[in-house]
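Visitor: Could you walk me through how to read a metal site? I'm new to this one.

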Amino acid sequence: QAKEMGRNQYRSFTESLHDQLQTYLQFSREMPKALEADHFCLLYQPQVDLSTGSIVSVEALIRWEHSELGIVSPNEFIPVAEETGFIVTLGRWVFATACEMIHRLNSRTETPIRIAINLSSRQFRDPGLLDMVRDIIEEYQVDPGWIEVEITESLLMQDISSAIETLTELQALGLTIAIDDFGIGYSSFNYLKTLPINVLKVDREFIKDIPNHQDDMEITAAIISMAHRLNLTVVAEGIETDVQRRFLEEQRCNVGQGYLFSRPVTYENLVSLLEVPGATQESAKGSIIPVI
Ligand code: C2E
Ligand code: MG
Ligand code: MG
Ligand code: MG
């Protein structure tokens, strides 16, 4: 998969405009059919409480199992779906699939965990969003407290007053709100304090060069401490090494996500990750997580 992503990234840098347009047209044509043919799937990446080591939630991450191209990364097709508007249909499928899975999972475990679901800009601004959320919660008998939605700062900046309205309504339903990829956009803490949000996810960009870049460490420490003053839970994404984990733990970062704990895994792998206490993860990097 990492190889796949690497190849894709390489491709997007070298592709000519013509090739990019071809891909755009191909994807926009194929996506609706792929959804009907059940060629999309969700993987789940654990988020671990850094003080206890328990998995407290999982992030749903979509993949496209393309018949010719193999696994296609969401970084390639989500922007196309966003552009064509298909994201609203695809996003509904993601929400339903994630909710069905968390219902199934939590009925098998003693301590419920949460599911974090990414919402893109167009989905977030869709007038049908709240009805969609309400319908699916009811259909799959999901406790709204189990659901977290991840939105980016740039999305919020587009129309802040209507964003506040939508977030307030999602919170009123009982959902948790997370700001994804925090720090790489334009947001300031000044406006953050006015937003109805609960969780801040520090972007991987700040984590990846710890401990080699002193600046990143200082920025990360500052983000964590300011977020705590605003009563926000802090999640660090992209933790790959034990040094990074320890640094974040020292800074009282609440939750960690990254290859150190686990790569995104299938539902079956997640179940075995959760059910066998102290089990090492076979398919991903072999760190030991004491399990809830
Ligand atoms: P994101 O929401 O910031 O998700 C985190 C990305 O970082 C994921 O990439 C994840 O696999 C990757 N990651 C996690 N830990 C590590 C690590 O330790 N090292 C490295 N190098 N990477 C790590 P992925 O799955 O390719 O997703 C990319 C982006 O696509 C996501 O970024 C999100 O913006 C979007 N996306 C994924 N699934 C969905 C979805 O269902 N709906 C929407 N609207 N967007 C989605
Ligand atoms: Mg995310
Ligand atoms: Mg993120
Ligand atoms: Mg990110």
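Visitor: How are the donor residues of the magnesium ion (ligand 3) spaced in sequence?

Guide: They follow the pattern D-D-x55-E. Donors are N, O and S atoms within 2.8 Å of the metal (3.2 Å for Na, K and Ca), and water is not among the atoms, so sites may look incomplete. Here the protein donors are Asp-180 (OD), Asp-181 (OD) and Glu-237 (OE), at 2.0 to 2.5 Å from the ion. Asp-181 belongs to strand β6 (residues 176–182), while Glu-237 sits in the loop between β8 (233–236) and α12 (242–250), so this pair ties together parts 56 residues apart in sequence. Helices (H or I, at least four residues) and strands (E, at least two) are DSSP runs, numbered from the N terminus.

Visitor: What should I know about the model and its numbering?

Guide: It's a predicted model, where local features need pLDDT of at least 70 and side-chain atom pairs count only at pLDDT 80 or more. Residues are numbered from 1 along each chain, and ligands from 1 in the order in which they are written.

Visitor: Which residue bridges the magnesium ion (ligand 4) and the magnesium ion (ligand 3)?

Guide: Asp-181 does, and those two ions lie 3.1 Å apart.

Technical notes:
Side-chain values use heavy atoms; hydrogens and water are left out.
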